[in-house]
Amino acid sequence: MKRLFFSTIFLIAGAISATAQNDAITRFFDQYADDERFTVVFIAPKLFQLAAKIETDDEDWNNIRDVVKDLSGLRVLVADSIADGMSLYKAALLKVPANEYSELLTVREKDENVRIWTKDSGNIIEELLLLVGKPDEFVLLSFTGKIDLDKISALSKVLDVEGAKELEKIKTTKH
Amino acid sequence: MSTMKIIYFLTAFLLTINVLQAQDYGLYWKYKDYNGAIAVSIPRWASTIATAFVEERDDRKLLRKIHKTRVLFFEEESPFTDRDMKRFVKKSKRRGLDELVTVRTEKTHVRILAKSKGNTIKKVVVLFCSSEGAGLVSLKGKFRLDEINKVIEKSRKEGKKKDGSPNIPDILKVPVIRA
């Protein structure tokens with residue numbers, strides 16, 4: 001009985017802790033959702049579901065559809081002319097729970113910092129998190145769903161969002 | 001007896017008003033008579049008549065699917081308050097509309113919501129609000145995704161790039177506006 005009680009407590013504590021970690025990123029998005037220095041974009045799963053049903057003869061679109069059909073959400077937080085890009089980058093960096101996300105890519109070029117993390121469940125990538133920090137620019141982008149790293153870079157062509165071009169780097173790293 | 005009749009009449013009247021307002025979650029009915037408002041409500045028969053002036057068969061078919069269109073537009077400033085926006089989203093979710101896209105850049109908010117069942121889109125609502133104006137477009141009908149595919153396919157063929165490369169449907173291009 002005691003064992004059952006403690007294991008239940010342990011499970012509840014584990015679940016709360018996992019939610020809290022995930023919430024850290026969500027809270028970061030929410031914190032700046034109404035800040036006018038930022039552009040905020042949220043694409044709901046429903047749009048991805050609808051877009052996946054659109055069939056055309058276009059080869060490019062069909063490639064994108066392959067990626068889109070497994071996605072369940074996109075959140076973007078962009079600021080392209082701010083003074084504290086690097087401090088925001090560092091603040092966001094601290095919010096990413098290291099035990100939950102595994103680092104996929106790190107690039108540091110002059111004053112530009114790019115980091116990409118993935119959150120895996122078995123062999124499936126459930127979330128891709130992209131963080132870009134420059135002195136005057138900040139990008140936080142989160143894809144959720146069933147993500148194929150080989151195909152996700154195709155989205156950089158259609159997403160008219162600052163920082164999305166960094167997704168191309170995944171392709172470069174993979175090959 | 002007459003008092004009872006009045007009560008019944010008032011109850012029926014209030015319920016009717018409530019149902020009418022519910023169609024566009026209060027915003028249209030609240031602001032349509034405001035100073036500077038451009039409010040248009042197009043019933044189904046008007047859309048059907050309008051099909052007579054459309055040349056393409058597919059476009060005509062799609063236009064016939066529109067049951068009701070409502071447009072509310074403010075050119076100079078937005079009368080919508082934050083409370084209005086929050087209530088709008090809350091009410092629309094309660095009535096089965098899913099939020100598809102939300103974009104906020106500086107003082108501009110854009111929300112696109114839709115109600116769908118299987119492969120049919122039953123309602124699309126676009127709400128935008130900025131310091132320079134605001135608007136609400138509500139489209140009620142029965143649009144099958146294969147019909148939308150046809151229109152996209154047609155516009156893709158017509159709007160081919162100069163270098164001959166195929167155009168990707170713009171559905172995923174997020175409308176980020178920058179100053």
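Which residue takes a positive phi in the hairpin of S3(B) and S4(B)? In this predicted model, the residue is Glu106(B), whose phi lies near 50° in a hairpin with 2 residues between the strands. The description below begins with the confidence of the prediction and the sheet, and returns afterwards to this turn.

The predictor assigns the complex an ipTM of 0.73 and a pTM of 0.72. For chain B, the mean pLDDT is 76, and 71% of the residues reach 70 or more. Two segments of chain B have pLDDT under 50 throughout. Over residues 13-22 of chain B, where pLDDT stays under 50, the model has 4 contacts beyond four places in sequence. Over residues 166-179 of chain B, where pLDDT also stays under 50, the model has 42 such contacts.

The secondary structure of chain B consists of 6 helices and 6 strands. Along the sequence these elements follow the pattern α-α-β-α-α-β-α-β-β-β-β-α. Of the 179 residues in chain B, 20% are buried. Among contacts in chain B between residues at least 6 apart in sequence, 56% join residues at least 24 apart.

Strands of both chains belong to one open sheet of 12 strands, with antiparallel pairing. The order of the strands is S3(A)-S4(A)-S5(A)-S6(A)-S2(A)-S1(A)-S3(B)-S4(B)-S5(B)-S6(B)-S2(B)-S1(B). S3 of chain A and strand S1 (37-42) of chain B are the edge strands, each of which pairs on one side only. On average, and with direction ignored, neighbouring strands of this sheet are turned by 5° against each other. In the order of the sheet, S1(A) stands beside S3(B). S1(A), residues 39-43, also pairs with S2(A), residues 71-79, in the antiparallel sense over 5 bridges. Within this pair of strands, Phe42(A) has Arg75(A) in S2(A) as its bridge partner.

At the edge formed by chain A, strand S3(A) covers residues 102-109 and is hardly covered, for the count of buried residues among its 8 residues is 0. S3(A) pairs with S4(A), residues 112-121, in the antiparallel sense over 7 bridges. Glu103(A) stands opposite Trp117(A) in S4(A). The hairpin of these strands has 2 residues between them, and Lys110(A) takes a positive phi near 50° there. Lys110(A) has this positive phi although it is not a glycine. Lys110(A) is exposed, because 6 other C-beta atoms lie within 10 Å, and a residue counts as exposed if the number is 12 or fewer.

In chain B, S3(B) and S4(B) are likewise paired in the antiparallel sense over 7 bridges. Val103(B) stands opposite Val110(B) in S4(B). Glu106(B) is located in the loop between S3 and S4 of chain B. Its positive phi of about 50° occurs although Glu106(B) is not a glycine. Glu106(B) has 14 C-beta neighbours inside 10 Å and therefore counts as partly exposed.

S4(B) is largely enclosed by the rest of the structure, because 7 of its 10 residues are buried. Besides its pairing with S3(B), S4(B) pairs with S5(B) in the antiparallel sense over 9 bridges. Ser116(B) has Ile121(B) in S5(B) as its bridge partner. The hairpin of S4(B) and S5(B) has 2 residues between the strands, and Gly118(B) takes a positive phi near 60° in this hairpin. In a regular strand, the side chains alternate between the two faces of the sheet.

Helices accompany these strands. Helix H5 of chain B, residues 82-94, lies across S3 (98-105), S4 (108-117) and S5 (120-130) of chain B, and runs at about 170° to S5(B). In chain A, helix H4 covers residues 85-95, and its buried residues are Gly85(A), Leu88(A), Tyr89(A) and Ala92(A). These residues lie on the same side of H4(A), because they cover an arc of only 105° around the axis. The face of H4(A) turned away from the buried side carries the exposed residues Lys90(A), Leu93(A) and Leu94(A).

How values were computed
Residues numbered from 1 in each chain as written. Chains lettered and ligands numbered in written order. Predicted model: local features only at pLDDT ≥ 70, side-chain atom pairs only at ≥ 80, totals over all residues. Helix = DSSP H or I, 4+ residues; strand = E, 2+ residues; numbered from the N terminus. Pairing = 2+ DSSP bridges. Contact = placed C-beta atoms within 7 Å. pLDDT = per-residue confidence, 0-100. Axes fitted to C-alpha atoms, helices over the stretch in contact; angles between N-to-C directions. Arc of directions from axis to C-beta.
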